[in-house]
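Here are some short exercises to work through at your own pace. Have a look at the fold first, then try each task before reading its solution.

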Amino acid sequence: MKSKTALVQDYWDKHSDLFGDYYKNPTWFDRTFRKAIFLRAIIAIDVCKQLPNPSVLDIGSGPGMNSVAFVKKGGASRLTGVDLAPNMIDLARRHAASENIGDRCEFIEGDFMQRDFEPGGFDLAVALGVFDYIGEPQAFLNKMRRVAKKALVASWPENGLRMLLRKMRYACPVYSYTEPQIRELHQKAGMENVELIKIPGGWVSKATPI
Ligand SMILES: C[S@@+](CC[C@H](N)C(=O)[O-])C[C@H]1O[C@@H](n2cnc3c(N)ncnc32)[C@H](O)[C@@H]1O
């Protein structure tokens, strides 16, 4: 039987082009019902902008649309993306090259939890649309906290009709969170200073580890 991580990898390998199209060719439906994808990116880019030439780790970088935006709009000096799905990594590398910033971006294929990253190796760690697939969010957030020196941004889906539909449609496990749970996860990871911003279908957390 396939592990949960392998199911997530398979799912996103199969849906990489479709997900990339939400950014490249958004339909009316995407703009209306997938608004959260764009809103969470705006929040993360804004945090990036507030740091001086930050190094950024984009966890679950997907098609690399946000990764490139962290460099081009957020002023990131260096961008590292990590993603389970080889097709997503391929899209992200091609997108960075097509935007002429391939030399400032590195995309690593693999599970964030299984990869070694230097403690405090990045100013900002971001995970957008990723905790949806994480069965052990405390360990994941703790590791994000360890690698990020200055700030952390993540999105968290809430339970509800949308989540129910995703659970029925997706061929991989999907998880949801409540506001108190998200606060407790941050507190246990050693981050007291966390701001939760409500977006459609969930929240975005902004935390400053130090
Ligand atoms: C919904 S996509 C979001 C992509 C991108 N962050 C964005 O917002 O455009 C979620 C991505 O997270 C990746 N992912 C999920 N769990 C992961 C893990 N443990 N390590 C690395 N990548 C992961 C998936 O492969 C997928 O490409």
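The exercises below concern a predicted model.

**Exercise 1.** Work out whether the overall size of the chain agrees with that of a compact globule.

*Solution.* Start with the length: for 210 residues, a compact globule would have a radius of gyration near 17 Å. Next, take the value for the chain, 16 Å, which agrees. The C-alpha trace spans about 40 × 40 × 35 Å along its principal axes. Finally, 40% of the 210 residues count as buried.

**Exercise 2.** Trace the sheet from one edge to the other and place a helix on it.

*Solution.* First, list the strands: 7 of them form an open sheet with mixed pairing, in the order β3-β2-β1-β4-β5-β7-β6. Then find the edges, β3 (105-109) and β6 (194-199), each of which pairs on one side only. From one strand to the next, the twist averages 15°. Now zoom in on β5 (residues 148-157) and β7 (residues 202-207), an antiparallel pair with 6 bridges. Here Trp156 stands opposite Trp203 in β7. Last, add helix α7 (residues 137-147), which packs on the sheet and touches β1 (55-59), β4 (122-127) and β5. The direction of α7 makes about 150° with that of β5.

**Exercise 3.** Describe the shell around the ligand: which residues are closest, and which elements each supply at least two residues?

*Solution.* Begin with the count: 22 residues surround the ligand, the closest being Trp12, Gly60, Gly62, Leu128 and Gly129. Next come the elements: α1 (4-14), α5 (65-72) and β2 (78-83) each supply at least two shell residues. To finish, sort the shell by character: 15 residues are nonpolar, 5 polar and 2 charged.

Methods:
Residues numbered from 1 in each chain as written. Predicted model: local features only at pLDDT ≥ 70, side-chain atom pairs only at ≥ 80, totals over all residues. Near = placed C-beta within 6 Å. Helix = DSSP H or I, 4+ residues; strand = E, 2+ residues; numbered from the N terminus. Nonpolar A, V, L, I, M, F, W, Y, C, P; charged D, E, K, R; others polar. Rg over C-alpha atoms; globule rule 2.2 N^0.38 Å. Buried ≥ 20, exposed ≤ 12 C-beta atoms within 10 Å, placed from the backbone. Pairing = 2+ DSSP bridges. Axes fitted to C-alpha atoms, helices over the stretch in contact; angles between N-to-C directions. Contact = placed C-beta atoms within 7 Å.
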